[in-house]
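Visitor: I'd like a walk through this structure, with the reasons behind each label spelled out. Could you start with whatever you like?

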Amino acid sequence: MEKQPRLLCSELCVQRRLYEVTLNCAILAWKDIQIAKKHTGRAIYGAVKAGSHCVPVCEIIAVQEKEDDSPCKDTGKWQKVPQSPADCQHAFTVFYIERTRQHCWRCSNVTFHCSEHSLCLLWVQTIREQLGLLTNRPKRLLVYINPYGGKQRGKQIYDHKVAPIFSRASISTDVIVTERANHARDHLKTEADLKKYDGVVCVGGDGMFSEIMHGLVSRMQQDASVDENSMEETLVPCGLRIGIIPAGSTDCICYATVGSNDPVTSALHIVVGDSQPMDVCSVHNENSFLRYSVSLLGYGFYGDVLTYSERKRWMGPARYDISGVKTFLSHRYYEGTVSFLPAEGNLGTPRDKMQCRSGCSICRQSSSDKLVSKDEDSVSDAECRDTWTVIRGKFLAINAANMSCACPRSPKGLSPSAHLADGTTDLILVRKCSRIDFLRHLLRHTNKDDQFDHSFVEVYRVKQFRFTPRYQECDSEVDLRESGAGGKRFLSQICREHRACGCMPSQSNWNCDGEILPQTAIQVRVHCQLITLFARGIEEQPVFEDPYTHCAI
Ligand SMILES: Nc1ncnc2c1ncn2[C@@H]1O[C@H](COP(=O)(O)OP(=O)(O)OP(=O)(O)O)[C@@H](O)[C@H]1O
Ligand SMILES: CCCCCCCCCCCCC/C=C/[C@@H](O)[C@H](CO)NC(C)=O
Ligand SMILES: [Ca+2]
């Protein structure tokens, strides 16, 4: 680590012990002077035991001068440099991020006492100046709360856990509690004065996030006169970042971008101004735009789970478990044709076990490739030259995972190696198989085994795909033949065939991030890094610590 010049260094008291406190533009560190003397010349391990602590400046939430409530003010002693903790009468508190259990952050604080008010002010002012240099931090946010998502605790979660953190970080907010479905989407699309804000926050689940994303993406296209109905259009990326405070039933988008579904952790990622770009899939039916998707587009099993579960919304998150069992028992398969454009280049494969983590090199590479391809020919020209792969069959499930889709029910997700921002989606085809085999596959969504290691499962990393259900293929064949001689004969032949085998082609619905799509024949295209979240991807756990400062290196 490069050594930064010191901005401040003082002897200050923390809980009646004397510390050497230093600040440079990257790190605030404090070291117990007595313990440090004892250990001179020896490597010190274990931050708390050794009395050394450090916080990166970018993880400081705020600094505040403390009112005159020093525990030692009754001593009556005054000296310029504190000789003992009893000399410290003035104080300031630094609020900072502390990592607790897996991927969870908490707001911790430390109060430094000093003997002189001017020294106290100097520290407060210098730390504030350093925080002021962090220009990625939002100052004004537009917050939408869905009071009915998940366990209907969105408002409570925001008021008790999130608002106090925003206020501590001096972030001002305009808060809208939604009154109906699509209230947030419509407000963003047509009314909201977006220039006033540095970001939009969504308090709710994946469905609520989807509303916010639709509002923002559509607004951007509208303002730039981009026709969303045309699949070939290059969409305009969203300038405003989106924060997710998880308060839904699955919260998969939050979980897969942060590593937990904890409202305080998400609020802290917003405060520090994290940025995580994300791919968005556009879903079309012929020349009509249907929806955008960022997590799962699922036909068959996940489509049916959602269709059943929508009738049981009153059950809250448990509706998915009941519907999951019911759908599993019904064991329906669906026929159709899937065509796709495979991803090329160094984008890895769905089975390479290269999980997308904070600062992911594959996503970074895609971002620079995107810039280059802008200068060369248009995406659609390049894609026209590529060859489509066509697969016709009977499927229990067709899942397109644009990200891992990790969530508390499936901690690794439906496609553990899918990337958040690589411009591709992982297309998983689960062919018709026995109930027991399908159960084996589903259970692998919940444990560590490879869910793709089955003869009836195929997985492809793709940039675009299409699906046509069998009954629509029949319809188009019927249309064709009907127009010529013998049309009637052909139609009655199809009807006779289906009566005989009892397998009248049935259809499922597409589950698009938790919303049911009205159409089953769809065309999907991945738009690389169209939106940005207040997140940083899932952090790797630190492996080594600096023995002096105990910061991860
Ligand atoms: N005030 C409201 N009244 C009714 N529905 C609303 C309201 N505000 C938002 N919604 C809708 O509620 C739906 C579900 O919300 P949300 O995603 O927050 O929770 P969930 O479905 O329980 O969680 P998940 O999507 O994670 O499974 C969303 O599709 C959203 O459009
Ligand atoms: C009979 C045993 C079934 C076990 C299957 C457990 C697997 C659960 C995996 C859930 C993956 C969820 C992917 C995310 C989808 C979201 O977009 C959506 C909206 O929140 N949620 C659902 C459940 O469709
Ligand atoms: Ca992706």
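Guide: Sure, let's begin with ligand 1: the residues of its shell divide into five nonpolar, 10 polar and eight charged. Here Ala, Val, Leu, Ile, Met, Phe, Trp, Tyr, Cys and Pro count as nonpolar, Asp, Glu, Lys and Arg as charged, and the others, Gly among them, as polar. One thing up front: this is a predicted model, where local features need pLDDT of at least 70 and side-chain atom pairs count only at pLDDT 80 or more, while totals for chains, interfaces and linings use all residues. Residues are numbered from 1 along each chain as its sequence is written, chains are lettered from A and ligands numbered from 1 in the order in which they are written, and side-chain values use heavy atoms, with hydrogens and water left out.

Visitor: What makes a residue one of those that surround ligand 1, and which are the closest?

Guide: A residue is near a molecule if one of its heavy atoms lies within 4 Å of it. By that rule 23 residues surround ligand 1, and the closest are Thr178, Gly205, Gly207, Glu211 and Ser249. Helix 6 (206–223) and helix 10 (318–330) each supply at least two residues of this shell, and the largest share, four residues, comes from helix 6. Helices (H or I, at least four residues) and strands (E, at least two) are DSSP runs, numbered from the N terminus.

Visitor: How do you know that Gly205 has a polar contact with ligand 1?

Guide: A polar contact is a pair of N or O atoms within 3.5 Å; within protein, one must be able to donate a hydrogen and the other to accept it, and residues adjacent in sequence count only if both atoms are side-chain atoms. A polar backbone atom of Gly205 is 2.7 Å from an oxygen atom of ligand 1, so the pair qualifies. The backbone of Gly207 has an N or O atom 2.8 Å from a ligand 1 oxygen, and for the side chain of Tyr320 the distance is 3.0 Å. Of the 640 Å² of accessible area that ligand 1 has on its own, the protein covers 89%. Such areas come from the Shrake-Rupley method with a 1.4 Å probe; for residues, only the protein chains shown count as cover.

Visitor: What are the polar contacts of ligand 2, with Asn511 for example?

Guide: A polar side-chain atom of Asn511 lies 2.9 Å from an oxygen atom of ligand 2. For Ser295 the side-chain distance to a ligand 2 oxygen is 3.1 Å, and the side chain of Thr250 has an N or O atom 3.1 Å from one as well. The protein covers 88% of the 640 Å² that ligand 2 has on its own. Around ligand 2 there are 14 residues, with Asp206, Thr250, Ser295, Asn511 and Asp513 coming nearest; the shell divides into five nonpolar, seven polar and two charged.

Visitor: Why is the site of the calcium ion (ligand 3) called irregular?

Guide: Donors are N, O and S atoms within 2.8 Å of the metal (3.2 Å for Na, K and Ca); water is not among the atoms, so sites may look incomplete. The protein donors here are Asp279 (OD), Asn402 (O), Asn402 (OD1), His419 (O), Asp422 (OD) and Thr424 (O), at 2.3 to 3.1 Å. Four donors count as tetrahedral if all angles lie between 85 and 135 degrees; four count as square planar and six as octahedral if opposite donors are over 155 degrees apart and all others between 65 and 115; anything else is irregular. The six donor atoms of the calcium ion make angles of 64 to 152°, so the site is irregular.

Visitor: What does the pair Asp279 and Asp422 tie together?

Guide: Asp279 sits in strand 12 (residues 276–285) and Asp422 in the loop between strand 16 (389–401) and strand 17 (425–431), so the pair ties together parts that are 143 residues apart in sequence.

Visitor: Why is Asp422 called buried?

Guide: Buried means under 20% relative accessible area, exposed over 50%, partly exposed in between (1.4 Å probe, protein chains only). Asp422 has 4%, so it is buried; Asp279, at 0%, is buried too.

Visitor: And what makes helix 8 enclosed?

Guide: Nine of the nine residues of helix 8 (residues 263–271) are buried, so it is largely enclosed by the rest of the structure.

Visitor: Is Pro164 buried or partly exposed?

Guide: Pro164, in helix 4 (residues 154–168), is partly exposed because its relative accessible area is 41%.
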